Amino acid sequence: MKRTISLMLALASVGSMGVSAMAANDTDNTMVISPAPSVVAEAQRQFIVNGKPMALDSYTTENGTLMVPVRALGEALGFTVTWNNFSVNINNGEMQSDLRIGEENYFAYTAIPDAVGMTAPFTLGAAPVLKNDKTYVPVKLFTVLFGNVDETVKITDTTVTIDKNAKADEDGDTAEIPNPLTEHADIASLETAVGFKLRCPALPEGYRADSFIDISGTLAEVFYVSDKDTVVFRMEKGDSADISGDCNVYADKKTVEVGGVSVSVEGNGDVRKATWSQDGFAFSLTSEKGLTEAQLAAALK
């Protein structure tokens with residue numbers, strides 16, 4: 001089993017891809033992808049990034065969320081920013097996040113090879129927006145990516161200070177939040193931790209349950225492995241549209257009916273991700289190698 005490490009993860013609330021010229025370069029084209037921002041403050045603040053002034057265009061939404069261009073700021077802070085078909089990955093080799101234009105469903109997870117760690121889904125007040133060929137995100141995303149240290153991003157009416165080496169306490173130690181993932185010995189102990197009974201999938205012969213994890217005590221996650229594939233099942237109270245944590249962009253997307261339940265299915269001629277809601281719970285099933293629709297239907301019955 002992959003080792004689980006203690007991560008600097010925020011609990012406050014895609015693969016390697018080619019970069020398009022549109023996202024990499026500023027142009028004169030005016031383009032805003034829904035949801036369009038409700039801008040109430042266009043006056044430019046002064047940005048101080050790691051102790052040095054930096055020219056950044058920004059705007060504040062109607063609800064007070066400060067939006068910044070993710071590529072310019074991310075690269076200044078040591079991140080690699082990768083764009084692919086309205087999805088953006090931001091990665092500094094230790095932490096990363098996958099962003100979808102127009103979807104306020106944020107995750108942060110480890111970028112360290114062979115390590116496991118991911119936050120529960122969280123919100124930041126606004127979804128990523130594509131505006132004038134630039135992707136804008138809430139500046140507070142960088143607070144999450146640098147360990148949820150409040151001092152990472154400081155905002156006043158005139159100045160925004162961003163310091164990736166900010167310290168959270170007087171003795172200079174950077175605050176570290178423990179990994180929100182807790183491993184359990186079996187399904188029963190996982191059910192006790194999250195407080196509800198799991199509706200586990202009936203996968204084809206050859207798969208075995210390998211890991212039982214709760215994320216922040218609210219989301220249950222079970223890994224099933226076979227000789228050729230890994231399937232991850234998630235379940236959480238609520239009606240979230242997508243709790244899978246899979247932000248890959250697939251060629252096919254449709255809705256199928258399984259046992260009277262509408263299931264959103266994505267894949268590349270197969271089923272790589274399925275998400276659905278039922279009886280006050282949200283569910284997801286992801287497969288590294290892909291399932292058939294018949295296997296999905298059998299798994300969910």
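This report describes strand pairing and side-chain placement in a predicted model.

## Strand β6 and its side chains

Strand β6 spans residues 66–69, and its side chains alternate in direction. L66 and V68 point one way, whereas M67 and P69 point the other way. Each of these four residues, on either side of the strand, is buried.

## Partners of β6

Strand β5, residues 59–61, runs antiparallel to β6 and is joined to it by 2 bridges. Within this pairing, Y59 of β5 has M67 as its bridge partner in β6. The hairpin of β5 and β6 has 4 residues between the strands, and G64 takes a positive phi near 90° in this hairpin.

A further antiparallel pairing links β6 to strand β13, residues 134–138, through 3 bridges. Here V68 has V137 of β13 as its bridge partner. V68 is also one of the buried residues of β6, pointing the same way as L66.

## The open sheet β7-β8-β9-β10

An open sheet is formed by 4 strands in the order β7-β8-β9-β10, with antiparallel pairing. Strands β7 (80–84) and β10 (109–110) stand at its edges; because each has a single partner strand, one side of each is left without a neighbour in the sheet.

Strand β8, comprising residues 87–91, runs antiparallel to strand β9, comprising residues 95–100, and 5 bridges join the two. In this pairing, N89 stands opposite D98 of β9.

Technical notes:
Residues are numbered from 1 along each chain as its sequence is written. This is a predicted model: local features need pLDDT of at least 70, side-chain atom pairs count only at pLDDT 80 or more; totals for chains, interfaces and linings use all residues. Side-chain values use heavy atoms; hydrogens and water are left out. Buried means under 20% relative accessible area, exposed over 50%, partly exposed in between (1.4 Å probe, protein chains only). Two strands pair if DSSP finds at least two bridges between them.
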